[in-house]
Protein chains: 2
Amino acid sequence: METAESSTILLERLARILQNEAHAAGLKPTQWEALRYLARANRFSRNPSALTAYLGTTKGTVSQTLNALERKGLLVKKTDHVDRRQVDIDLTRKARQLLDEDPIHALTVAMASLPVGEQAGLGDGLRTMLEEALRRRGGRPFGVCRSCRFFRTDDSRGAPHRCGLLDVPLSDSDSRQICVEQQALC
Amino acid sequence: METAESSTILLERLARILQNEAHAAGLKPTQWEALRYLARANRFSRNPSALTAYLGTTKGTVSQTLNALERKGLLVKKTDHVDRRQVDIDLTRKARQLLDEDPIHALTVAMASLPVGEQAGLGDGLRTMLEEALRRRGGRPFGVCRSCRFFRTDDSRGAPHRCGLLDVPLSDSDSRQICVEQQALC
DNA sequence: TTCGTAAGTATCGACTCGATACGATCTAGT
DNA sequence: ACTAGATCGTATCGAGTCGATACTTACGAA
């Protein structure tokens with residue numbers, strides 16, 4: 001329990017310091033996080049609702065963050081054809097270029113320079129803590145499409161894969177992106 | 001490198017979710033963090049400067065956060081007698097009561113329920129990452145007083161310990177608090 | 001058709017955060 | 001003792017976060 005408390009303090013402090021480090025290129029930490037998400041999300045997940053679930057915040061806050069990013073010319077919104085309540089978001093070329101200088105890269109480098117065992121231990125611990133936190137507040141995991149229990153490869157038509165939940169064909173690149181609907185296999 | 005990147009994303013996401021969880025009792029995450037620090041810091045470290053270094057932010061921001069906490073009746077400021085530029089901060093009884101319901105407790109519980117090995121691995125990894133981050137931006141470690149290279153037990157006068165840097169007597173409880181000036185032994 | 005629900009937006013108030021400028025106080029060098 | 005520079009803290013600005021609340025529009029089932 002003593003260890004648990006010190007680890008908790010460690011996690012909080014590290015989180016704060018990393019947060020404060022993420023003020024780069026005129027973007028706020030939240031804006032970077034939104035950009036990162038949108039770059040990795042599949043077409044069913046590039047909308048305000050999914051981003052809200054991912055960030056664990058509220059629709060209102062996300063709406064404002066998206067407005068800020070739109071003003072900066074980093075994304076484009078358009079209403080979905082199928083469900084006209086939904087808004088599809090697309091990152092601009094400018095956003096993708098910006099992501100090449102993502103301040104998070106410094107963190108990845110630091111992570112990579114850790115001893116192999118320590119790196120694996122940290123990864124496992126973080127994964128477990130995140131799963132716990134998500135379960136606690138009813139969040140979604142946002143895993144990659146191909147690791148989902150609804151992922152199918154038996155599509156008779158042209159496409160290589162298929163989503164058994166939404167019943168739509170999936171390209172190979174689709175299957176490697178993260179999805180709001182993803183549910184683990186086991 | 002693949003592992004490093006996914007661990008990085010994990011850390012960022014967990015950090016954000018925990019951040020958003022820390023809105024309790026009408027306090028903001030930063031205000032909780034400040035309160036926690038002030039409750040653990042020794043008398044040389046309960047001032048705006050030290051808090052600024054701990055949070056890794058700027059003097060101005062800390063000044064505002066302290067004003068907010070003062071308005072809520074959670075702390076009292078008074079100018080230092082020795083150096084009248086400095087401000088000594090004391091938490092009120094109300095603040096200490098509030099800290100009993102610190103939302104971070106939920107996190108500690110989650111941490112404690114981890115398998116022992118995983119918990120230790122996570123702690124080690126976090127420690128290393130924090131040290132790296134601090135070194136990168138010239139931050140201070142804020143360890144406990146008694147683990148400092150300036151900690152002495154050879155005080156001829158009444159007090160049980162002594163600080164070799166500031167040359168002042170230290171009580172036993174002093175020695176268990178965290179300090180801005182702390183430097184590791186080895 | 002209508003009623004309930006879901007997706008987004010707009011607005012409010014309190015606050016964070018970096019940047020900048022400033023006043024007060026200490027300290028070293030003369 | 002006197003000044004020049006450094007240090008500590010505050011005030012203010014602008015952009016943005018964040019939760020809360022109150023909408024609007026669109027879908028979908030009874």
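## Two copies, one axis

Turn chain A by 180°, shift it 0.0 Å along the axis, and it lands on chain B with an RMSD of 0.1 Å. The two copies are thus related as by a two-fold rotation axis. Keep in mind that this is a predicted model.

## Where the chains meet

The contact draws on 44 residues from chain A and 44 residues from chain B. On the chain A side, helix H1 (2–21), helix H6 (104–112) and helix H7 (116–136) each put in at least two residues. H1(A) has the largest share there, with 17 residues. By class, that side of chain A splits into 21 nonpolar, 14 polar and 9 charged residues.

Do the copies use the same surface or different ones, and what settles it? Of the interface residues of chain A, 100% are also interface residues in chain B, so the copies meet through the same surface.

## Around DNA strand C

Strand C has 28 residues around it, and the closest are A:Asn47, A:Ser49, A:Gly60, B:Gly60 and B:Arg84. Both chains show up in the list of elements that give two or more residues to this surface: helix H3 (48–55) and helix H4 (59–71) from chain A, plus helix H2 (29–40) and helix H4 (59–71) from chain B. H4(A) gives the most, with 6 residues.

As for chemistry, the surface near DNA strand C comes to 4 nonpolar, 17 polar and 7 charged residues.

## Around DNA strand D

Now for the other strand. DNA strand D is surrounded by 28 residues, with A:Gly60, A:Arg84, B:Asn47, B:Ser49 and B:Gly60 coming nearest. Here the elements giving two or more residues are helix H2 (29–40) and H4 of chain A, together with helix H3 (48–55) and H4 of chain B. H4(B) is the one that gives the most to the surface near DNA strand D, with 6 residues.

Sorted by class, the residues near DNA strand D are 4 nonpolar, 17 polar and 7 charged.

## Chain A on its own

Chain A has 7 helices and 5 strands. Going along the sequence, they come in the order α-α-α-α-β-β-α-α-α-β-β-β. The C-alpha atoms of chain A fill a box of roughly 55 × 40 × 30 Å along the principal axes.

Of the 186 residues in chain A, 33% are buried. Looking at contacts in chain A with a separation of 6 or more, 55% join residues 24 or more positions apart.

Methods: Residues are numbered from 1 along each chain as its sequence is written. Chains are lettered from A and ligands numbered from 1 in the order in which they are written. This is a predicted model: local features need pLDDT of at least 70, side-chain atom pairs count only at pLDDT 80 or more; totals for chains, interfaces and linings use all residues. Copies are superposed by least squares on the C-alpha atoms of residues with pLDDT of at least 70 in both. Two residues are in contact if their C-beta atoms, placed from the backbone, lie within 7 Å. A residue is near a molecule or strand if its C-beta atom, placed from the backbone, lies within 6 Å of it. Helices (H or I, at least four residues) and strands (E, at least two) are DSSP runs, numbered from the N terminus. Ala, Val, Leu, Ile, Met, Phe, Trp, Tyr, Cys and Pro count as nonpolar, Asp, Glu, Lys and Arg as charged, and the others, Gly among them, as polar. A residue is buried if 20 or more other C-beta atoms lie within 10 Å of its own, exposed if 12 or fewer, and partly exposed in between; C-beta atoms are placed from the backbone.
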